[in-house]
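Biologist: I'd like to learn how to read a fold from its coordinates. Could you walk me through one?

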Amino acid sequence: MYNEKFMKKAILLSEKNIEIGGGPFGAVVVKDGKIIATGCNRVTRNSDPTAHAEVTAIRNACKKIGTFNLENCDIYTSCEPCPMCLSAIYWAHISNIYYGNTKKDAAEINFDDSFIYDELEKIPSQRAIPAHQHLHKEATAAFEKWKNKDDKVAY
């Protein structure tokens, strides 16, 4: 259930992150009405293009509670998640996403993800960064091993 104080915290994190050289994005992960982790955009500070606020908050939450599964958790983020962050949120099994700014707002300050959404619709070989499949048969060997593994941890 939405709680304004958590959204305000995400927004405050985004503002404070600008002051220390980061991007204008903040996020908090909430479980049982309590913040279990926060994250800010650390892309330039960490030289890590994956260090978006949501991904950072998810990493911190998983580390804190010792699991990769954040079901029954919510994420509050200062901006609508980009495709990478949205994917991470789904992989983490987060229950709800609450956001402040929209992807259109982000585009207006040169954080435009629309090209990624457009790229996903294209045939892999026709994308701006072309992708080409090779050694499919050999690669499926690992998938077969996984499929037949009795003690795997599904995620």
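Modeller: Sure, we'll go through strands, cores, a pocket and one helix residue; keep in mind that this is a predicted model.

Biologist: Let's begin with strands. Which strand does β1 run antiparallel to, joined by six bridges?

Modeller: That's β2, residues 34-40. Within the pair, Val-28 stands opposite Thr-38 in β2. The two strands make a hairpin with two residues between them, and Asp-32 in the turn has a positive phi of about 50°.

Biologist: And how many bridges link β1 to β3?

Modeller: Five, again in the antiparallel sense, with β3 spanning residues 73-79. Here Val-30 is the residue that faces Asp-74 in β3.

Biologist: Why is β1 described as largely enclosed by the rest of the structure?

Modeller: Look at the accessibility of its residues, 26-31: five of the six are buried, so the strand is largely enclosed by the rest of the structure.

Biologist: Now cores. What's the general idea?

Modeller: In soluble globular proteins, nonpolar side chains tend to be buried together. In this model the largest nonpolar core has 22 residues, and Val-29, Ile-58, Ala-61, Leu-70, Ile-75 and Ile-94 have the most contacts inside it. At least two residues come from each of β1, β2, α3, β3 and α4. The largest share is that of α3, with six residues.

Biologist: What does Val-29 touch beyond its neighbours within four places in sequence?

Modeller: Its contacts include Lys-34, Ile-35, Ile-36 and Ala-37, then Ala-57, Ile-58 and Ala-61, and also Cys-73, Asp-74 and Ile-75. Apart from the largest core there is another one, of nine residues, including Met-7, Ala-10, Leu-13 and Val-28.

Biologist: How do I read a pocket?

Modeller: Rolling a probe the size of a water molecule over the atoms shows where empty space is left. The largest pocket here has a volume of about 210 Å³. It is lined by 14 residues, and Phe-25, His-52, Cys-82, Phe-111 and Asp-113 are the closest to its centre.

Biologist: How many residues of each class are in that lining?

Modeller: Eight are nonpolar, two polar and four charged.

Biologist: One last residue: where does Ile-116 lie, and why does it count as partly exposed?

Modeller: Ile-116 sits in helix α6, residues 114-120. Its relative accessibility is 31%, so Ile-116 counts as partly exposed; the band in question runs between the 20% and 50% cut-offs. From Ile-116 to Pro-49 you go 67 residues in sequence and 14 Å in space, C-alpha to C-alpha.

Note on methods. Residues numbered from 1 in each chain as written. Predicted model: local features only at pLDDT ≥ 70, side-chain atom pairs only at ≥ 80, totals over all residues. Heavy atoms only, no water. 1 Å grid on protein atoms, 1.4 Å probe; cavity = no way out; pocket = protein on both sides within 12 Å on 5 of 7 lines; lining within 4 Å. Points joined across faces, edges and corners; volume = space filled by probe spheres on them. Nonpolar A, V, L, I, M, F, W, Y, C, P; charged D, E, K, R; others polar. Helix = DSSP H or I, 4+ residues; strand = E, 2+ residues; numbered from the N terminus. Buried < 20%, exposed > 50% of the residue type's maximum accessible area, 1.4 Å probe, protein only. Pairing = 2+ DSSP bridges. Core = buried A, V, L, I, M, F, W, Y, C linked by side-chain atoms within 4.5 Å. Contact = heavy atoms within 4.5 Å.
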